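Colleague: Please take a close look at the strands here. Start with how they pair, then move on to what packs around them.

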Amino acid sequence: MTLWIPGPTEVRPSILAQLARPPIGHRSAQMKELHLRIDGPLALAFGLAPDSSSQVAVHSASGTAMMEAALLGVGPKILSLVNGAFSKRFAAVAESIGKKVLRLEVPMGQVVDPSDVARALEEEGPFDALTVVASETSTGTATPLGPLAEVLKNHPGVSFLVDVVSMIAAGPIDFDTHRLDFALAGVQKALALPPGIAVMCCSEKYLAAARQRSRPSWYLDPVRIIEGHAAQKTPATPAVPHYFALAQQLEDITNGVTLPAGHEPCEGPAAWAARYAEHSRMRARTAAWAEGHGLSLLPAPQHAAPAVACVQAGELDVAALVAGLGQAGYSISNGYGDLKGKTFRIGHMGDHTLQELEELLAAADKVIAQP
Ligand SMILES: Cc1ncc(COP(=O)(O)O)c(C=O)c1O
């Protein structure tokens, strides 16, 4: 069965092979080397310039755990933009650790208007942090970070905390340009790795402020995680096989090993940009295919996420489509929560190619054509 669900996604055999390497001591020179192999290309994934003062890190935990870690480093009052299941979760995680949360909520598939964010910050503040999910995997909806960064220029005391779980490696994050303070992600989406570890990036400003705060957690203390990573010493025993896989995949992307078919050889930021362009082409192709069936994506075209298409099903029997594709060896997902039966989701992410997407869509055509 080939995974076209909105993550986890397919992992290349050469990356899976990294998981079978013999264990190494996590206080060894080899482990330090592994950290160093990861840091450079991971900085490219977050869009950091070579002289950036922001820091990347890895932790053996899931994306949700890192929401909690990010929130532990900020003050008590949080403004949460909610437009789907994971942005709702970000707000719930904040409340679970005692934060006071104001939700700015719009229907699933829509994006909170930055002018409403500006109004809330002015009228309901002061806030300590803003939480945003850059790509809502539940609805295939991308929230542009640039306009929010503009709004936050007038509120320097508000930390910008961003979930990039289904955005990283599918589209640019521009962490420094957008003045993010903390970005977090699992690795099982467009990074095309097995689930089990999380990656993050934090600003110098976030780290300095977090050091001054009480952070009531040991394992999820963001300062311990970031400083431990910077010193190439994880606070606790890490999931070392996953670090091997992460290092290999980041190097392969950066060195141009995973470039789209026919792309001229390149490496570094250009190779990452080529990956983003392939995700954009897969998004455009899926939207065009849906249109060919009289269907459309749930979000407005300018807010369609690069790695997840959420298609409004109209009269189409979603359960039959999912089951029929399953029989043909392809796994896609029904709609999330209330959208079950009304939408279906295709995760065109990671190392999937446009050519492979054509095969999936041709199989979907056959299922749909069946009487
Ligand atoms: C946007 C987004 N945020 C958070 C999560 C939660 O990540 P995890 O399941 O790794 O905790 C997911 C999982 O699908 C997600 O898509």
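Modeller: Strands count as paired when DSSP finds at least two bridges between them. Strands (E, at least two residues) and helices (H or I, at least four) are DSSP runs, numbered from the N terminus. This is a predicted model, in which local features need pLDDT of at least 70 and side-chain atom pairs pLDDT 80 or more, while totals for chains, interfaces and linings use all residues. Numbering starts from 1 along each chain as its sequence is written, and side-chain values use heavy atoms, without hydrogens or water.

Take the four-stranded sheet. Its order is 11-12-15-14. The sheet is open, and its pairing is antiparallel. Strand 11 (296–297) and strand 14 (333–334) are the edges; each has a single partner strand, so one side of each has no neighbour in the sheet. Strand 11 runs antiparallel to strand 12 (residues 308–312), and two bridges join them. Ser296 has Gln312 of strand 12 as its bridge partner.

Now the seven-stranded sheet. This one is open too, with mixed pairing and the order 2-10-9-8-5-3-4. Strand 2 (55–59) and strand 4 (100–105) sit at the edges, each pairing on one side only. On average, neighbouring strands in this sheet are turned by 20° against each other, direction ignored. Such angles run from 0 to 180 degrees between N-to-C directions, and axes are lines fitted to C-alpha atoms, for helices over the stretch in contact.

Look inside that sheet. Strand 9 (residues 182–186) pairs with strand 10 (residues 198–202) over five bridges, in the antiparallel sense. There, Phe182 stands opposite Cys202 of strand 10.

Two helices pack on the seven-stranded sheet. Helix 7 (residues 204–211) touches strand 2, strand 8 (159–163), strand 9 and strand 10, where touching means heavy atoms within 4.5 Å. The direction of helix 7 makes about 90° with that of strand 10. Helix 5 (residues 114–124) touches strand 3 (77–82), strand 4 and strand 5 (129–133). Its direction makes about 160° with that of strand 3.

Helices also pack on helices. The axes of helix 3 (residues 63–72) and helix 4 (residues 85–96) come within 9 Å and cross at roughly 50°. That makes helix 3 oblique to helix 4 (under 35 degrees is roughly parallel, over 145 roughly antiparallel, 65 to 115 roughly perpendicular, and the rest oblique). The contact uses Thr64, Met67, Glu68 and Leu71 of helix 3. From helix 4 come Phe86, Arg89, Phe90, Val93 and Ala94. By class, this contact has six nonpolar, one polar and two charged residues (Ala, Val, Leu, Ile, Met, Phe, Trp, Tyr, Cys and Pro count as nonpolar; Asp, Glu, Lys and Arg as charged; the others, Gly among them, as polar).

A second helix pair is helix 2 (residues 29–45) with helix 10 (residues 269–292). Their axes lie 10 Å apart, at an angle of about 50°. Helix 2 is therefore oblique to helix 10. Pro41, Leu44 and Ala45 of helix 2 meet Pro269, Trp272 and Tyr276 of helix 10. This contact has six nonpolar, no polar and no charged residues.

Last, the domains. The assignment gives domain 1 (2–6 + 277–369) and domain 2 (13–253); such bounds come from an automatic or database domain assignment. Their C-alpha centres lie 27 Å apart. Domain 1 puts 17 residues into the contact, and domain 2 puts in 23 residues.
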